[in-house]
Amino acid sequence: MNVAIVGASGVVGQELMKVLEQRDFPIDRLRLFGSEHSVDSEYEFRGEKIKVELLEEGDAFRDVDVAFVSAGACVSLKYWQTITRHGAVMIDNSSAFRMCEDVPLVVPEVNGEAAMTPQRRIIANPNCTTIQLVVVLNVIEQISHIKRVHVATYQSASGAGAEAMAELQNQFKALVSGEIPTIEKFYYQLAYNLIPHIDDFEDNGYTKEELKMFNETRKIMSSDIEVSATCVRVPVMRNHSEAVWVETQQPVDIQELFRRFDEAESIVLCDNPLEYQYPMPLQLEGCDDVYVGRIRRDLACDNGLSFWCVSDQIRKGAALNAVQIAEYMLKNGYFAKNK
């Protein structure tokens with residue numbers, strides 16, 4: 001396999017290299033691409049120094065089998081034909097193609113088979129908050145159809161990139177020193193604060209981030225499920241958390257749900273109230289799975305459930321999910337059939 005990473009110098013690009021190395025993904029040659037600002041930067045992969053090449057129109061992707069693209073929607077829209085022209089599969093981490101009918105939107109544990117028929121040789125990686133949500137919802141859906149979901153997200157600074165993480169750190173330092181904190185990446189000071197606003201507002205009062213959770217969940221799960229979200233930025237460095245309320249068509253036995261979660265792929269059950277055990281973002285940096293806890297019946301809904309989940313959105317919410325898509329395709333013979 002010849003592999004490319006577009007946006008190699010970014011947070012997700014760097015995580016992609018870690019994940020590919022840690023999971024021993026079969027690579028004959030790895031190539032890194034970026035903007036003029038990152039060209040000739042060097043990164044080590046499996047003991048070898050690799051220079052970042054300039055992303056530009058041309059035939060640079062002629063021998064590439066799969067390209068992981070994490071450089072923003074504008075870059076994806078501009079270069080997708082360059083990347084896929086000679087047969088490479090583009091696994092795109094931006095929002096550019098997620099809702100296109102002819103582009104599969106894939107979480108392997110839920111709808112991995114959709115990755116096997118990429119009409120435009122593009123596969124979209126869902127939004128980070130959607131990925132961790134559907135991994136959990138899919139287990140419940142196997143017991144009883146889910147009618148609706150209400151979710152409040154608690155999204156870390158890393159969801160806005162490396163500069164946002166640095167800004168949060170610098171704000172805490174400034175405040176402790178009695179200085180005025182700098183505010184550039186967010187609309188308000190994030191340190192010691194919560195900001196109930198991620199992405200742009202739409203006419204209906206929801207933000208684009210919240211509407212992504214509605215639309216993407218329905219597409220991935222091939223379901224009429226209704227999702228209402230409130231997305232909140234919190235002063236946490238890494239890992240997203242979600243408080244979720246689910247209404248199912250039929251009652252769900254809590255003990256059966258515990259058993260299903262315990263057996264499910266990519267889920268770790270962490271729910272022991274007597275020992276104060278529940279998932280927290282501080283503990284889970286670098287973890288691959290979605291951690292679930294605080295599972296209980298919803299007192300306000302006969303067929304309702306409530307739970308809390310936490311996941312590293314740079315890994316399962318971005319880089320890891322993208323690599324798992326490629327692994328699924330490799331395991332099921334896509335690349336062998338399409339050489």
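This note sets out points on the sheets, helix packing, aromatic pairs and internal spaces of a predicted model.

1. The first sheet to consider is open and has 7 strands in the order 3-4-2-1-5-6-7, with mixed pairing. Its edges are formed by strand 3 (42-45) and strand 7 (122-124), each of which has a single partner strand, so one side of each is left without a neighbour in the sheet. From one strand to the next, the twist averages 25 degrees.

2. At one end of that order, strand 3 and strand 4 (residues 48-54) run antiparallel and are joined by 4 bridges. One specific register point can be given here: Y43 has I50 in strand 4 as its bridge partner.

3. Helix 2 (73-84) packs on this part of the model. It lies across strand 1 (2-6), strand 5 (66-69), strand 6 (89-92) and strand 7. The direction of helix 2 is at about 160 degrees to strand 6.

4. Another open sheet has 6 strands, ordered 9-8-10-13-12-11, and its pairing is also mixed. Strand 9 (226-233) and strand 11 (267-269) are the edge strands, and each pairs on one side only. The twist of this sheet averages 25 degrees from one strand to the next.

5. Strand 11 pairs with strand 12 (residues 290-297) in the parallel sense, over 3 bridges. Within this pairing, L269 stands opposite V292 in strand 12. As background, strands of a sheet pair through backbone hydrogen bonds, either parallel or antiparallel.

6. Helix 6 (208-221) packs on the 6-strand sheet. The strands that helix 6 touches are strand 8 (146-155), strand 9 and strand 10 (240-248). Its direction makes about 145 degrees with that of strand 9.

7. The structure holds 5 aromatic pairs. One of them is formed by W80 and F97, which are edge-to-face, with 6.3 Å centre to centre and 75 degrees between the planes. This pair links distant parts of the chain: W80 belongs to helix 2, whereas F97 lies in the loop between strand 6 and helix 3 (108-111), and the two are 17 residues apart.

8. The largest pocket holds about 1400 Å³ of space. Its lining comprises 48 residues, and those nearest its centre are S70, G72, G159, A160 and G161. Two or more lining residues come from each of helix 1 (11-22), helix 2, helix 5 (162-176), helix 6 and helix 8 (315-331). Helix 2 gives the largest share, 3 residues. Classified by residue type, the lining has 20 nonpolar, 20 polar and 8 charged residues.

9. The count of cavities of 30 Å³ or more comes to 1. The largest cavity holds about 30 Å³ of space. Its lining consists of V12, L16, F68, V69, S70, I91, D92, N93 and A322. The elements that give two or more residues to this lining are helix 1, strand 5 and strand 6. By class, 6 of the lining residues are nonpolar, 2 are polar and 1 is charged.

10. Some elements recur across these points. S70 lies nearest the centre of the largest pocket, along with G72, G159, A160 and G161, and S70 also lines the largest cavity. Helix 2 lies across strand 5 and strand 6, among others, and these two strands each give two or more residues to the cavity lining. Helix 1 gives two or more residues to the lining of the largest pocket and to that of the largest cavity.

Key. Residues numbered from 1 in each chain as written. Predicted model: local features only at pLDDT ≥ 70, side-chain atom pairs only at ≥ 80, totals over all residues. Heavy atoms only, no water. 1 Å grid on protein atoms, 1.4 Å probe; cavity = no way out; pocket = protein on both sides within 12 Å on 5 of 7 lines; lining within 4 Å. Points joined across faces, edges and corners; volume = space filled by probe spheres on them. Nonpolar A, V, L, I, M, F, W, Y, C, P; charged D, E, K, R; others polar. Pairing = 2+ DSSP bridges. Axes fitted to C-alpha atoms, helices over the stretch in contact; angles between N-to-C directions. Contact = heavy atoms within 4.5 Å. Phe/Tyr/Trp six-rings, centres within 6.5 Å; stacked < 30°, edge-to-face > 60°.
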